[in-house]
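Here is a short tour of the model for you to follow with the structure open. Have a look at the helix packing to begin with, then move on to the rings and the backbone.

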Amino acid sequence: MNSKKTFLLLAIAGFITFVGCKPGNQASTNTEANHSKKSKATQSVETTSPATPGTSRLIVSFISIGEGADFSAKDSMDAYVAAYQTENKKQLTFESIPWGREGEFDYCFTLKELSAKEQVKFIEGLRARLKFSELVQISENQPCKQRR
């Protein structure tokens with residue numbers, strides 16, 4: 001009789017463990033894993049306010065999930081920035097900061113050269129240009145990562 005209770009308890013514990021650990025129900029704090037299926041570049045513009053001291057108005061992060069950064073997306077972004085500067089006759093200030101072991105890096109834009117309306121237009125255009133890449137994350141008014 002005691003072995004039947006033990007077996008029943010083990011069966012219940014196993015069932016609870018199995019049900020509680022389904023992949024669709026687990027919570028994760030790993031931002032790269034959470035964003036691997038959907039690029040941040042496809043999300044709407046977060047805010048239109050200019051960057052506060054210590055932050056960048058726009059940060060474009062080229063991340064990696066075991067296979068390096070998306071350099072075709074970087075080339076696409078570079079082409080967009082060059083075309084925007086030529087069309088609008090404005091030189092944008094930005095910094096490229098490498099931070100990862102697999103070639104990850106951020107582009108940090110101040111966008112101080114642009115009005116608030118121009119900033120929104122630039123950011124929306126860049127988001128549209130990079131929406132195809134799952135390895136690009138775009139954030140606004142955040143501090144840039146420190147150099148390694």
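In this predicted model, helices H3 and H4 run roughly antiparallel to each other, because their axes cross at roughly 150° and an angle over 145 degrees counts as roughly antiparallel. The two axes come within 10 Å, and the crossing is right-handed. The points below start from this helix pair and then take in the aromatic rings, the fold as a whole and a few residues worth a visit.

**The H3–H4 contact**

- H3 spans residues 71–88, while H4 covers residues 116–130.
- From the H3 side, the residues that meet H4 are Ala73, Ser76, Met77, Ala79, Tyr80, Val81 and Tyr84.
- From the H4 side, their counterparts are Glu118, Lys121, Phe122, Gly125, Leu126, Arg129 and Leu130.
- Gly125, a member of H4, is partly exposed because its relative accessible area is 22%, and the lower limit for that class is 20%.
- Between the C-alpha atoms of Gly125 and Tyr80 there are 8.3 Å in space, with the two positions 45 residues apart in sequence terms.

**Aromatic rings**

- The structure contains 11 aromatic pairs.
- One of them joins Tyr84 and Phe122, whose ring centres are 5.0 Å apart; the planes stand at 70°, so this pair is edge-to-face.
- Because Tyr84 belongs to H3 and Phe122 to H4, the pair ties together parts that are 38 residues apart in sequence.
- Tyr84 and Phe122 are both buried.
- What makes up the aromatic cluster? Its members are Phe62, Phe71, Tyr80, Tyr84, Phe94, Phe105, Tyr107, Phe109 and Phe122.

**The fold as a whole**

- The protein has 4 helices and 4 strands, and along the sequence they follow the pattern α-α-β-α-β-β-α-β.
- Of the 148 residues in the protein, 35% are buried.
- Taking contacts with a separation of 6 or more, 75% of them link residues that are 24 or more positions apart.
- The accessible surface comes to about 9,500 Å², and carbon and sulfur atoms account for 57% of that surface.

**Positive phi away from glycine**

- Most residues other than glycine have a negative phi, which makes the next two residues worth a look.
- Leu111 has a positive phi of about 60° and is not a glycine.
- You will find Leu111 in the loop between strand S3 (105–109) and H4.
- Is Leu111 buried or exposed? Leu111 is buried, because its relative accessible area is 0%.
- Asn141, which is not a glycine either, has a positive phi of about 50°.
- Asn141 sits in strand S4, residues 136–142.
- With 17% relative accessibility, Asn141 counts as buried, because the class takes in values under 20%.

**Arg57 and Thr110**

- Arg57 is part of strand S1, which covers residues 56–62.
- At 0% relative accessibility, Arg57 counts as buried.
- Arg57 and Phe109 lie 52 residues apart in sequence, yet their C-alpha atoms are 5.9 Å apart in space.
- Thr110 has its place in the loop between S3 and H4, and Leu111 is in that loop too.
- Thr110 counts as partly exposed, because its relative accessibility is 27%.
- Which residues does Thr110 contact, leaving aside its neighbours within four places in sequence? They are Arg57 and Thr93.
- The C-alpha atoms of Thr110 and Thr93 are separated by 6.2 Å, and the two residues are 17 residues apart along the chain.

How values were computed:
Residues numbered from 1 in each chain as written. Predicted model: local features only at pLDDT ≥ 70, side-chain atom pairs only at ≥ 80, totals over all residues. Heavy atoms only, no water. Helix = DSSP H or I, 4+ residues; strand = E, 2+ residues; numbered from the N terminus. Buried < 20%, exposed > 50% of the residue type's maximum accessible area, 1.4 Å probe, protein only. Contact = heavy atoms within 4.5 Å. Areas by Shrake-Rupley, 256 points an atom, 1.4 Å probe, with all protein chains shown as cover. Phe/Tyr/Trp six-rings, centres within 6.5 Å; stacked < 30°, edge-to-face > 60°. Axes fitted to C-alpha atoms, helices over the stretch in contact; angles between N-to-C directions. Parallel < 35°, antiparallel > 145°, perpendicular 65-115°, else oblique. Left-handed = near helix turned anticlockwise from the far one by under 90°.
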